[in-house]
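Here are a few friendly notes to read alongside the structure. Keep the 3D view open and find each residue as you go.

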Amino acid sequence: MTNSLKTSIDRRTVLQAAGIGAVGAGPALRALVHAQGSDAPEKKEVKIGFIPLTDCASVVMASVLGIDKKYGVSIVPTKEASWAGVRDKLVNGELDFAHVLYGLVYGVHLGIAGPKKDMAVLMGLNHNGQAITLSRKLAEKGAVDGAGLARLMAAEKREYTFAQTFPTGTHAMWLYYWLAANGIDPVRDAKVITVPPPQMVANMRVGNMDGFCVGEPWNHRAIMDGIGVTATTTQEIWRDHPEKVLGTTSEFVRRNPNTARAVTAAILEASRWIDEGLANKNRMAETIAGKAYVNTDVQGINQRILGRYQDGMGKTWDDPNHMKFFNAGAVNFPYLSDGMWFLTQHKRWGLLKEHPDYAAVARAVNRIDVYKQAAAASKTPLPKSEMRSQKLIDGVLWDGKDPARYADSFKIRA
């Protein structure tokens with residue numbers, strides 16, 4: 001083949017690939033288009049903030065395993081001290097992306113969780129795997145579950161303090177929902193404070209709270225340290241509930257669409273890798289337990305990610321609904337109904353004064369367009385619908401069909 005003919009064929013191939021979109025092309029065409037730069041990431045090195053929690057694993061492993069390089073980016077995981085710090089660094093551009101609470105992203109987008117800025121959810125990072133811990137002192141008085149806590153609070157009148165991790169975040173919503181499902185008004189019957197996840201166990205140890213809702217490994221850590229018991233897991237509140245997401249600003253996606261797609265694809269592949277088997281989960285646990293990441297005992301991580309639970313009072317069980325990172329892509333798709341649910345709870349608890357346009361907000365924040373491109377690049381299956389449904393712990397069905405009515409239907413609300 002002559003050089004001129006080869007050049008002509010290469011140029012024509014690249015143009016054809018670009019015309020149908022690199023994601024829709026075959027692997028060979030995608031590689032050629034990437035080499036020519038038409039879909040190359042605009043930003044090669046990206047900082048992704050994370051909080052020391054088990055569910056940061058897919059972000060960390062995408063970097064540690066070098067999966068990010070496959071998609072033309074270099075992920076730099078950046079350990080942060082609090083969700084408020086993550087919020088501030090996302091908003092001011094110090095972080096490009098973050099492992100972040102679903103409800104935090106929505107709170108910033110609507111201006112009810114600090115400065116208002118248009119935000120983006122690119123993918124879900126995990127389902128399940130959080131818990132509500134009550135102090136051993138409460139457990140010794142019979143408060144070992146929601147019903148027991150309600151009885152104790154009715155019998156022994158005082159100020160009961162519970163901690164969550166961010167006012168509009170997932171843990172606040174799980175805590176409020178669980179308390180209310182057991183007849184406890186979290187606004188009127190309790191004091192609720194905000195504490196960063198890694199500080200939960202230390203604060204309970206010195207008596208600063210009666211209970212908390214947080215991600216792992218800190219619930220299991222409270223059991224290991226003998227200061228708390230697991231009253232419920234969040235998968236008992238909502239099986240396969242949304243939890244952490246890959247978040248960024250809408251502005252970043254607009255300026256760096258190829259980078260957003262590449263990072264999402266890399267983390268999708270890392271998510272699949274974690275869920276593929278026991279050996280991968282154990283390697284992940286050993287990695288993220290290190291000082292650079294969660295900084296805890298491997299045992300604090302590797303039991304509950306395999307569904308091996310204990311409540312700190314002698315009960316042990318195998319939970320099939322443990323933390324999942326991929327589950328054939330069901331974990332990762334940014335369902336509109338998931339985002340809308342957090343809005344309904346923000347309205348329920350008075351964080352939103354008026355009903356928003358639930359569907360419009362969710363469609364603006366949850367970047368399904370970017371996700372679908374990343375899913376194609378990483379060969380991740382897509383669900384049949386952008387909505388999903390589930391009955392929660394109180395038997396109430398959430399399907400996203402009438403969010404305003406749903407938000408107003410609860411007897412206990414602000």
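The points below cover a nonpolar core, a pair of helices and the cysteines, all in a predicted model.

1. Let's begin with the core. In soluble globular proteins, nonpolar side chains tend to be buried together. The largest nonpolar core here has 122 residues. Leu149, Ile267 and Trp341 have the most contacts inside this core. Helix α14, residues 257–275, gives the largest share, 10 residues.

2. Try selecting isoleucine 267. Which residues is isoleucine 267 in contact with, leaving aside its neighbours within four places in sequence? They are Ile48, Ser58, Val59, Ala62, Ile75, Met123, Leu125 and Leu246.

3. Next, a helix pair. Two packed helices are described by the angle between their axes and the distance between the axes. For α9 (residues 170–181) and α17 (residues 336–348), the axes come within 11 Å and cross at roughly 65°. The crossing of α9 past α17 is left-handed.

4. Look at the side of each helix that takes part. From α9 come Thr170, Met173, Trp174, Tyr177 and Ala180, which meet Trp341, Phe342, Gln345, His346 and Arg348 of α17. By class, this contact has six nonpolar, three polar and one charged residues. You may recognise Trp341 from the core in point 1.

5. Finally, the cysteines. How many disulfides does a search of the whole structure find? The result is zero. Cysteine 56 is in no disulfide, and the nearest cysteine sulfur, that of cysteine 213, is 17 Å away. A disulfide needs the two sulfur atoms within 2.5 Å, so this pair does not count as one. Cysteine 56 counts as buried because its relative accessibility is 0%. Cysteine 213 is buried too, with a relative accessible area of 0%.

Conventions. Residues numbered from 1 in each chain as written. Predicted model: local features only at pLDDT ≥ 70, side-chain atom pairs only at ≥ 80, totals over all residues. Heavy atoms only, no water. Axes fitted to C-alpha atoms, helices over the stretch in contact; angles between N-to-C directions. Helix = DSSP H or I, 4+ residues; strand = E, 2+ residues; numbered from the N terminus. Left-handed = near helix turned anticlockwise from the far one by under 90°. Contact = heavy atoms within 4.5 Å. Nonpolar A, V, L, I, M, F, W, Y, C, P; charged D, E, K, R; others polar. Buried < 20%, exposed > 50% of the residue type's maximum accessible area, 1.4 Å probe, protein only. Core = buried A, V, L, I, M, F, W, Y, C linked by side-chain atoms within 4.5 Å.
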